[in-house]
Every structure is written in C-alpha cells, then in structure tokens.
Amino acid sequence: MLKHLYDTDCVTWSPQGKLFQVEYAMEAVKQGSICLGLKSNEYVVLCSLKRQPSELAGYQEKQFKIDDHMAIAIAGLTADARVLCKYMRTECLEYKYTYESHHPVGRLVFKVAEKSQHKTQSGAKRPYGVGLLVAGIDPNGVHLFETCPSGNYYEYKCQAIGSRSQAARTYFESWFHLFEKSTLEQLILHGLSALKKAIMEDEELNERNVEVGILGKNQKFIHLNAQELKDYIVKLETFNANTQIQQE
C-alpha cells in the first residue's frame, strides 16, 4: 500500500497501526535545532543552539519565558511554539489571578500535553510540530519536562531534543549522576559541553548562536548576556580537559 493513502489526516490508521501525521510532527522536532536542559537540586539550565535562515537574517529565538518560575526551550516549528507559549502564559496569568500563586509546573505541562493530544483526534486538525523542554520551580522542587506532539510528556534530570541530540544525551548519560549537587557554573558548563558534542564539526559555539537560560529556587528566569556567554565559552576548554581526566 502507498503511504500517502494514510497520511491525509490524523484519524486514518495505516495497516501497520501508525498515524503518519503524528510521526511527521515528531520528525519536525528531530529536524529542529538542538536544545537541552539539565537540573540540580537548586537550579535548572536550558541551553539552545540558534540558527539564522540566511546571512541577512538574525538568529531565531529558541527560549521563551512563561512566568518568573517557568520557561520553555523549543525544537521544531517556531510558529507552533508561539501558540503553545501564549496558551501557557495565559494559563499562568489566570491561575495567579484566581489563586494568587504560581501555576504548578506539572499541572501546566499536563494541560499542554492534553492540548497537543486533542490535535491528533480530529481530521480537521494537525499535530503541533514542536517539542518543548519545560523548566520550572514550584513548592515540589525543581522540574524539567519534555512534551511531544503525540501528547506524551515526561520528567527528566536532563534531556536534549532536536537535530543531533543523541550526542548530547550520550554525554548526559556519563555525567548526570553529578548534576544533583552541581553548582550553577558547573551546570552551565556541562550544558555547553553537551551542546558542543552535538554541533557539526565545522561549527563553533559563540555568544551569537548560543542561548542559555537559568532558573533557580531564589532566581527568576533570566538569559545570560553576550559577555557572560563569552566568558563561559572561554572556560569550556579547560572544563572539558578536566572532565576528560576524571573520566580516565
């Protein structure tokens, strides 16, 4: 059977038991530029690689602040990410107006996953072609979630999504046991090291194509500025040399 007979909507199953439009949306996430997150007991750090469509264009934003206690990093279609970002911001505002407190992170992630899953139940709609890494702080602690176009969501100690993200996940598998008690500087350097593992050989990390966001128990979400990014990238070579020695 031809594949295109079963990919015209989200409610037609193929003979293999697949929904091709959902798989296409998942592929859009895999083709997006990489973003990753990692957390300790006190902080969660988001790192993203920014792309520019052409030499005449600026770099595309990869991280969005949702509230003082929550932010997202995206891989996939930015237009779909803006829709979900607006939804999450609205939910946070409504919750704060009603209960005078921050929206619980896990509950909002569940709402986003449910909204994504509804898009897979109607032939007149399509799945969101974007994956989110959601960083948040609430009374239950520090959180890092991933949401998928299929409606699934997971909580992680560290995770990477997007193009060439497997290299970053392999790096995390070697070092994640240290993250829980790491300082903020160590988390940032581990994040940048994982990002460096995932880029092409002819690419370099610099303050223009890297985006780093920080969130902590006593720290509202902020982005590192260009000078701070430059300083951390300079420290990266020494940090990588030291971790290599530890591994040996």
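1. Helix 2 and helix 3 are oblique to each other in this predicted model. Their packing angle is about 140°, and angles over 145 would be needed to count as roughly antiparallel. The axes lie 11 Å apart. Helix 2 spans residues 78-99 and helix 3 spans residues 105-118. The crossing of helix 2 past helix 3 is right-handed.

2. The contact between these two helices can be listed by residue. Helix 2 contributes Leu84, Tyr87, Met88, Glu91, Cys92 and Tyr95. Helix 3 answers with Arg107, Leu108, Lys111, Val112 and Lys115. By class, 7 residues in this contact are nonpolar and 4 are charged. No polar residues take part.

3. Now the sheet. It is open, with 5 strands in the order 8-1-2-9-10 and antiparallel pairing. Strand 8 (158-161) and strand 10 (219-223) are at the edges. Each has a single partner strand, so one side of each has no neighbour in the sheet. From one strand to the next, the twist averages 10°.

4. Strand 2 (residues 43-49) pairs with strand 9 (residues 210-216) over 7 bridges, in the antiparallel sense. One of the bridge pairs joins Tyr43 to Gly216 in strand 9.

5. Two helices pack on this sheet. Helix 4 (residues 165-179) touches strand 1 (35-39) and strand 8. The direction of helix 4 makes about 175° with that of strand 8. Helix 5 (residues 184-198) touches strand 1, strand 2 and strand 9. The direction of helix 5 makes about 25° with that of strand 2.

How values were computed:
Residues numbered from 1 in each chain as written. Predicted model: local features only at pLDDT ≥ 70, side-chain atom pairs only at ≥ 80, totals over all residues. Heavy atoms only, no water. Axes fitted to C-alpha atoms, helices over the stretch in contact; angles between N-to-C directions. Helix = DSSP H or I, 4+ residues; strand = E, 2+ residues; numbered from the N terminus. Parallel < 35°, antiparallel > 145°, perpendicular 65-115°, else oblique. Left-handed = near helix turned anticlockwise from the far one by under 90°. Contact = heavy atoms within 4.5 Å. Nonpolar A, V, L, I, M, F, W, Y, C, P; charged D, E, K, R; others polar. Pairing = 2+ DSSP bridges.
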